[in-house]
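Colleague: I would like to go through the terms used for this model and hear what stands behind each of them. Please set each value against its rule.

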Amino acid sequence: MTGPYRRPVPSTWWLHNRAYFLFMLRELTSVFIAAYLILLLILLYRLNAGRGAYESYLRFLGAPGMVTFHVIALAAALFHTVTWFNLTPKVLVVRVGARRVPAPIIAGVNYAAWIVFSALVAWIVLRG
Amino acid sequence: MAGTREPFWWSLFAAGGAVAALLAPVQIALTGIVIARGWAGQSFTYDRALALVSHPLSRLYLFVLISLPLFHWAHRFRFTLIDLGLKWSRALVAGVCYGAAVAGTILAALVLIRF
Amino acid sequence: MPDPTITLEIFRYHPEQNETPSFRRYEIPYREDWVVLDAINYIKDHIDGTLAYRWSCRMGVCGSCGMMINGTPRLSCAAFLREYYPNPVRVEPLANFPVERDLVIALDDFMHKLREVNPWLIRAHEQPLSDGEYRQTPDEVAAYKQYSMCINCMLCYAACPVYALEPRFLGPAAIALAQRYNLDSRDQGRSQREAVLSSEDGIWDCTLVGECTVACPEHVDPAGAIQRAKLASTIDWYKRVLMPWGGR
């Protein structure tokens, strides 16, 4: 007689269920963000190296392929932002007496901070 | 001493995730799209960019912006590799991922300190 | 017009007859007020008495009739046929557990993990009975009540891909239960649970897929419990490292 039957777990388990697939997408957004940060670090390195190095790197960043990458990275970053803020109430539990502050309020504070920070950064960089 | 260092890595992951959530979209849109396509006009010429980045607060901002989300990536990628069925030892996966984030952090410090 | 019927495809595994499982189809009368458990009981009573499965209360309290229904972990007493009709319903034993027979899974691993987190009130010094009970305010009860609702149905383990990939993972319900006692004002045993909670196969394995919380029929939110445990452990860790003289 054989013992209990163990069902195999295929390495494609995350393709079999919509929630698992979205989870995997969420985790992989970090790859796009990290790749972007490496490109940003190179931009800073070239800026330090001098005018010619900086301007040629800006031309490289302006190529259609690089802009396409950044559009995809922006979509990934936005997905990260939304999933991160929506999960924050799971970690941060604030109680007022017996009542737990509702999750939408905690997430809402995050979104408000996000709008303020984004506007501030954009203003500092673009004010000219 | 604590038996596990997981709380340390998790705290860097959490801080990096928060920084990325707050700042990655606007940063990517600015340097990757607006400035790269030349839509920013005169606001990001070499002289302006150099002046802006040379400010100590800018460099501190950029250091945090680059370093913490790299640890966020390292933490997630470490578990993603395991989720996808990588059969390396768990310690090796962790070492490679966090090691890459440490290397990125050192590079960021070296670049930013020279302005 | 003939009476309506519905088809159930049921996972069958009889190790003494066949080493590999298979699916068997049963066509049974469709009744709008039947749940999947009623349909399985009908099969057992009228078609095939060899079908093995667990159930008891059929009202969502006992936690013993959890099954994969069309790939989703559900209590079979709470899943109505009308949610699936006229399509067939595929019934499998709870995912991620070894299968003993048909829809019956092995519980040993889960029972072991429940015990590991010391799920009872731990006191530094038990006060004598003559001092009366340990009292709590409503706020203190509210702090852990949600995590005390668990019925040990194991749907959260069946929903968890981390447990699927690493069976040593302590898992959602056990961690939520540990949090239930950690957050109880009468309990002083958190440091005793920490060794298991914060071990290699404890809370740090969790990647917050979040499906345990979706699967939970009692709205315990194990995913939230695990993240709160991570935050608490992290704060403790920094306290120990930065203030080793603090003592706790």
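Colleague: How do the residues of the lining of the second largest pocket divide into nonpolar, polar and charged?

Modeller: In this predicted model, the lining of the second largest pocket divides into 15 nonpolar, seven polar and four charged residues. Trp, Val, Phe and Ala count as nonpolar, and the residues closest to the centre of this pocket are Trp84(A), Val91(A), Trp10(B), Phe13(B) and Ala14(B), out of 26 that line it. Those five therefore belong to the nonpolar group.

Colleague: Which elements each supply at least two residues of that lining?

Modeller: Chain A contributes through helix H1 (18-49) and helix H3 (64-91), chain B through helix H1 (6-34) and H3, and chain C through helix H9 (222-242). The volume of the second largest pocket is about 530 Å³.

Colleague: What volume does the largest pocket have?

Modeller: The largest pocket holds about 990 Å³ of space. Its lining consists of 37 residues, and Met68(C), Ala95(C), Asn96(C), Ala158(C) and Ala164(C) lie nearest the centre. Two or more residues each come from strand S4 (72-75), helix H2 (108-116), helix H4 (155-159), helix H5 (161-165) and helix H8 (211-215) of chain C. S4(C) gives the largest share, four residues. By residue class the lining of the largest pocket has 24 nonpolar, six polar and seven charged members.

Colleague: Why is the largest pocket said to lie between domain 1 and domain 2 of chain C?

Modeller: Domain 1 (5-105) and domain 2 (108-242) of chain C both give residues to its lining, so the largest pocket lies between them.

Colleague: What makes a space a cavity and not a pocket?

Modeller: In a cavity a 1.4 Å probe fits but cannot get out, whereas a pocket is an open set. By this rule there are five cavities of 30 Å³ or more. The largest cavity has a volume of about 110 Å³.

Colleague: Which residues lie nearest the centre of the largest cavity?

Modeller: Cys150(C), Cys153(C), Cys156(C), Cys216(C) and Val220(C) do, among 14 lining residues. H4 and helix H6 (172-182) of chain C each give two or more residues to this lining. The lining of the largest cavity divides into 12 nonpolar, one polar and one charged residue. Cys and Val count as nonpolar, so the five nearest the centre fall in the nonpolar group.

Colleague: What is the volume of the second largest cavity, and which residues are closest to its centre?

Modeller: The second largest cavity has a volume of about 90 Å³. Of its 14 lining residues, Cys160(C), Cys206(C), Val209(C), Gly210(C) and Cys212(C) are the closest to the centre. H5, H8 and H9 of chain C each give two or more residues to the lining. The lining of the second largest cavity has 12 nonpolar residues, one polar and one charged. Gly counts as polar, so Gly210(C) is the one polar residue there.

Colleague: Why are H3(B) and H4(B) called roughly antiparallel?

Modeller: Helix H3 (residues 56-83) and helix H4 (residues 90-113) of chain B pack at an angle of about 165 degrees, with their axes 9 Å apart. Angles over 145 degrees count as roughly antiparallel, and H3(B) and H4(B) are therefore roughly antiparallel to each other. Their crossing is right-handed. The residues of this contact divide into 21 nonpolar, four polar and three charged.

Colleague: Why are H1(A) and H4(B) described as roughly parallel?

Modeller: H1(A) and H4(B) pack at about 25 degrees, with their axes 9 Å apart. The cut-off for roughly parallel is under 35 degrees, so H1(A) and H4(B) are roughly parallel. H1(A) passes H4(B) in a left-handed crossing.

Colleague: What makes H1(A) oblique to H1(B)?

Modeller: The angle between H1(A) and H1(B) is about 55 degrees, and their axes are 11 Å apart. Roughly parallel needs an angle under 35 degrees and roughly perpendicular one of 65 to 115, so H1(A) is oblique to H1(B). The crossing of H1(A) and H1(B) is left-handed.

Colleague: Where is the cis peptide bond of Pro86(C)?

Modeller: The bond runs from Tyr85(C) to Pro86(C), with omega near 5 degrees. Pro86(C) lies in the loop between S4 and strand S5 (89-92) of chain C.

Conventions. Residues numbered from 1 in each chain as written. Chains lettered and ligands numbered in written order. Predicted model: local features only at pLDDT ≥ 70, side-chain atom pairs only at ≥ 80, totals over all residues. Heavy atoms only, no water. Axes fitted to C-alpha atoms, helices over the stretch in contact; angles between N-to-C directions. Left-handed = near helix turned anticlockwise from the far one by under 90°. 1 Å grid on protein atoms, 1.4 Å probe; cavity = no way out; pocket = protein on both sides within 12 Å on 5 of 7 lines; lining within 4 Å. Points joined across faces, edges and corners; volume = space filled by probe spheres on them. Domains from an automatic or database assignment.
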